[in-house]
Amino acid sequence: QAPSLVAQPWSSLGKIAYEAIIEGILKGVLPAGTQISIDGAARQLKMSNTPVREALSRLAAERLVVFSANRGYTVTPEIADDEYHQLFEARRTLELASIKSAIIEPAAIDKIASILQRLSATETAVEYQQYRSFNEADREFHLAFVSMSRNRFLRHAWEQLNFHLHVGRLYAGAGVIDSLEACTEHNAIFKALKEGNRKDLLQQMADHIRNAESRLRRLVKATPRTP
């Protein structure tokens, strides 16, 4: 029997299908190697095949599912240890390059302050909604720094990493294991930003990304792999 998908009250059928499938993947209900039938998912979600197909196409672009002519759509393996380091390395390179070319304006500072308030108010329990909320707010925090760059190709490259989606799969069953450390580091980053100290801002961001990689690595090693 196929794992059940849960429809959420989003604004469009395509987004309903996307959020239902991504919830299954991030919660581990749809583990690596699971085939996702368009017809079956559409029946469970009580919609036509079209929005499900659109959702799976988007997830394929984000590399959470892969399409093959023989098997259709299949959930990709969780991130492997060597890929994990490469993903963090690419993220660090792009974020630091963005900060180096950033135009720091009051509106951007205010936006990041608002995101930090959301992050501090987010519960980090093991339930999906809690760690997904934290993960999304953390993504917005880092995207805000990338968006300050004058180089729009840096933002495009950063978004194409889909970093938070892939790391978000690690939280299933564990929750956000480093929320207190992340909060402390976020505040140090924001302090450097408000002070206009670009050198310290670069150092704080580099330290944060390196520390996050180290903290979450234990979840990568604990994650079973699909052959």
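Which residues in H1 meet which residues in H3? Before you select them, bear in mind that this is a predicted model, in which local features need pLDDT of at least 70 and side-chain atom pairs count only at pLDDT 80 or more, while totals for chains, interfaces and linings use all residues. Residues are numbered from 1 along each chain as its sequence is written, and side-chain values use heavy atoms, with hydrogens and water left out.

**First stop: H1 and H3**

Select residues 13-27 for helix H1 and residues 49-61 for helix H3, whose axes come within 8 Å and cross at roughly 55°. That angle makes H1 oblique to H3, where angles under 35 degrees count as roughly parallel, over 145 as roughly antiparallel, 65 to 115 as roughly perpendicular and the rest as oblique. The helices and strands of this tour are DSSP runs numbered from the N terminus, with at least four residues for a helix (H or I) and at least two for a strand (E). The axes are lines fitted to C-alpha atoms, for helices over the stretch in contact, and the angles run from 0 to 180 degrees between N-to-C directions.

Now show the side chains that answer the opening question: Leu13, Gly14, Ala17, Tyr18, Ile21 and Ile22 in H1 meet Pro51, Val52, Glu54, Ala55, Leu56, Arg58 and Leu59 in H3, where contact means heavy atoms within 4.5 Å. By class, this contact of H1 with H3 has 10 nonpolar, one polar and two charged residues. In this classification Ala, Val, Leu, Ile, Met, Phe, Trp, Tyr, Cys and Pro count as nonpolar, Asp, Glu, Lys and Arg as charged, and the others, Gly among them, as polar. The crossing of H1 with H3 is right-handed, a word used if the near helix is turned clockwise from the far one by less than a right angle, with left-handed for anticlockwise.

**Second stop: lysine 46**

Select lysine 46, which lies in the loop between helix H2 (38-45) and H3. Its phi is near 55°, a positive value in a residue other than glycine. Most residues other than glycine have a negative phi. Is lysine 46 buried or exposed? Lysine 46 is exposed, with a relative accessible area of 75%, where buried means under 20%, exposed over 50% and partly exposed in between (1.4 Å probe, protein chains only).

**Third stop: the sheet**

Turn next to the open sheet of three strands, which has the order E1-E3-E2 with antiparallel pairing. The edge strands, each of which pairs on one side only, are E1 (35-36) and E2 (65-68). Two strands pair if DSSP finds at least two bridges between them. Select E3 (residues 72-75), which is joined to E2 by four bridges, and is joined to E1 by two bridges. Along E2, valine 66 stands opposite threonine 74 in E3, while the bridge partner of serine 68 in E3 is glycine 72. The hairpin that joins E2 to E3 does so through three residues.

Stay with the sheet and select glutamine 35, which is placed in strand E1 and has threonine 74 as its bridge partner in E3. Not counting residues up to four places away in sequence, glutamine 35 touches Arg71, Tyr73 and Thr74. Glutamine 35 is partly exposed, with a relative accessible area of 47%. If you also select leucine 94, 59 residues apart from glutamine 35 along the chain, you will find that their C-alpha atoms are separated by 33 Å.

**Fourth stop: proline 106**

Move on to helix H5 (residues 106-121), where proline 106 has its place. Proline 106 is exposed, with a relative accessible area of 61%. Add lysine 194 to the selection: proline 106 and lysine 194 are 88 residues apart in sequence and 8.8 Å apart in space, C-alpha to C-alpha.

**Last stop: H6, H7 and asparagine 162**

Select helix H6 (residues 128-147) and helix H7 (residues 152-161), which pack at an angle of about 155° with their axes 9 Å apart. That makes H6 roughly antiparallel to H7. The contact is made by Arg139, His142, Leu143, Val146 and Ser147 of H6 together with Leu154, Arg155, Trp158 and Glu159 of H7. By class, the contact of H6 with H7 has four nonpolar, two polar and three charged residues.

Finish at asparagine 162, in the loop between H7 and helix H8 (163-168). Asparagine 162 has a positive phi of about 50° although it is not a glycine, and it is buried, with a relative accessible area of 14%.
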